[in-house]
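Biologist: I should like to go through this model with you and ask what lies behind the terms applied to it. Please show the structure before we begin.

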Amino acid sequence: MALICSETPMDAPIVSSYNDKIRPLLDCVDKLRHLKIMQEGIQLPTIVVVGDQSSGKSSVLESLAGISLPRGQGICTRVPLIMRLKNVPNLGEPELHLEFNGKIVPTDEESVAEAIVLATEEVAGRGKGISHAPLTLTVKKCGVPDLTMVDLPGITRVPVHGQPEDIYEQISNIIMEYITPEESIILNVLSASVDFSTCESIRMSQKVDKTGERTLAVVTKADRSPEGLLEKVTADDVQIGLGYVCVRNRIGEESYEEARIEEAKLFQSHPFLSKIEKSMVSIPVLAQKLVRIQANIISKCLPEIVRKINDKLSANMADLNRLPQNLSTVAEALTAFMRITSSAKESLRKILVRGEFDEYPDEKEMHCTARLVEMLNEYAKELRETGLSFDSKNFLMEEIQALEEAKEIGLPNFLPRRVFFSVLQKRLKAISTRPQDFVAKLWDYIEKIVVTVLMTHADSYPQLQSSMRRASQNLIAKMKQKSIDWVLEIIGMEMMADFSCNPEYSAKWNELMEKQGEFMELLIDSSKGSKFKIDGIEIEIGHLRVFVDVVNQAFDMRMRIIAYWKIVLMRLVDSMALHVLFSIQKLVNKELEEEVVGDLMAPHGGGIERMLEESPVVAEKRYRLTKSVKLLKESKDVVANIMDRIVLADG
């Protein structure tokens, strides 16, 4: 086809009306596509050619480009074929080349079909399978419309011999990938001989373009099924928002110029086809529509593309800058290590010591001072519930039995200290495992917090993380054992002696003993009942009337136990709180850093030099971001240059 070189009045405006304004924009989009900007998630305005198998897609593209494409039975297009048509006035011989697999292969009009077949076989294999990897065919020729289109494999539901069983699904996936973006214009090629509503390509396009606002239909083979075609394209039962163009493709050995002449005669003189509006027929009209639509979509999308490139570039630059420094010397590694340990210590001071949780505002588990208080309160509650309780039906029986077994020849009504102490020891043994369980639970929690903080701060240096994790776990295991040993000592001291200079003991005992007279009076006079209330608890005392001679001593002992037990529990909780605070301070301020340094410098730690070995994860991320930034910068330059050209042209 020679839209300008033939100098026909119908063809000339196709290029001349748009070339000066559109060519720079189209060059910009083509360069961005060549740079593979779409792999950054930035969609480009694209004319996507789809159609059922044998709908005449290849013939339409041949007519637009004036070249021959591969033909044959089955699927002729097995990979996405990006066709870049460039009008070059006064060009002697057309220039054609293919781009695929990173190489450029020159070709010519006579050999282009064979070249596409060979390139397809290299990309998708020699069989009949398909591939997502595209080929790019650039055609520089006098008179072709300035267009870039993507031709996709024709849709077939039934696999033929040599094709994969899921050929329909594979083709559908490729088509949906290209037509789904809002920036895509769908050029739907339909055969005049079929019911448009049954075409698979129509069904696919309607899934992503329900209103048809970005779908243009090309009706081929108009000369073979002319009857009723006018009604089909005017009724628009399948909602084609950008309209229809009916065409007659080249037949037999016709040249492209001869085919255009025959097409013009057909739509001018045929009794049915001549009734179709001239704005809806012929390849030149299709070319002009495509150029206009392409101009509109590029103009509409380019500002958004520029914004997306700038946003993506800024985000990737920020991500790249956040990556750890690629360390090359021991001094740099040591500096980075000191920075990590220092920042980790400060974070631990915040959450374990000062109760600040701005670094973890939504993670309640990391609000450590509050969680420590909750654990201490639960510990105190367990001690109270385990050690001493009133059995309302057996009140004083434990003390009476102890006194009975401690009888000896001596002065009556004398309270032996060893009896008090044996009852106390029994109580202490009942709670002796609680403090051990508490410190184990406490250090397990602290270990989780410490490891989390260390891993967060050393996230950029996985080679350092293993050493930090090992060191923190070893240190906390040692501190846990020290706490258990300390608890055993505390319990041992409590079981060794009963002592307190806390005046609360005497005050509480005196307060309780004030009830003794009332208690004895009720015990002796059964007519007054068998219920007695002491320390807020109501108890049964009827069973004690047979032990009147020893009840006074038993009551005294129980009141002493109650008063002293409060002191014991207070000591166990208060000393535990102080021990926890002191241990955490030592851990954060001194011992953790020493342990981490010691582990790193140990033979198994690999020394500070390990930090010079960048982890594969970080290296891969650095490579990916660097590559992305380079691509986006190049894309930004491409857009900037084109915009400058447009401004100068407008000026």
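Biologist: What is the accessible surface of the protein, and how is such an area obtained?

Modeller: The accessible surface comes to about 31,800 Å², and 53% of it belongs to carbon and sulfur atoms. Accessible areas come from the Shrake-Rupley method with a 1.4 Å probe; for residues, only the protein chains shown count as cover. This is a predicted model, in which local features need pLDDT of at least 70 and side-chain atom pairs count only at pLDDT 80 or more, while totals for chains, interfaces and linings use all residues. Residues are numbered from 1 along each chain as its sequence is written, and side-chain values use heavy atoms, with hydrogens and water left out.

Biologist: Why is the protein called more spread out than a compact globule?

Modeller: The secondary structure comes to 19 helices and 11 strands (DSSP runs numbered from the N terminus: helices are H or I of at least four residues, strands E of at least two). For 651 residues the globule rule gives 26 Å, and the radius of gyration is 45 Å, well over that value, so the protein is more spread out than a compact globule. The radius is taken over C-alpha atoms, and the rule is 2.2 Å times the number of residues to the power 0.38. Along the principal axes, the C-alpha trace spans about 140 × 70 × 55 Å.

Biologist: What makes Ser 342 buried, partly exposed or exposed?

Modeller: Buried means under 20% relative accessible area, exposed over 50%, and partly exposed in between (1.4 Å probe, protein chains only). Ser 342, found in helix 10 (residues 330-354), has 45% relative accessibility and therefore counts as partly exposed. Its C-alpha atom is separated by 9.7 Å from that of His 457, 115 residues apart along the chain.

Biologist: How do you know whether helix 3 is enclosed?

Modeller: In helix 3 (residues 57-65), 9 of the 9 residues are buried, so the helix is largely enclosed by the rest of the structure. Among them are Lys 57, Glu 62 and Leu 64. Gly 66, with a positive phi near 70°, follows helix 3.

Biologist: What makes strand 3 a partner of strand 4 and of strand 5?

Modeller: Two strands pair if DSSP finds at least two bridges between them. Strand 3 (residues 95-100) has 5 bridges to strand 5 (residues 135-141), running antiparallel, and 5 bridges to strand 4 (residues 103-107), also antiparallel. Both pairs therefore meet the criterion. Leu 98 stands opposite Leu 137 in strand 5 and opposite Val 105 in strand 4.
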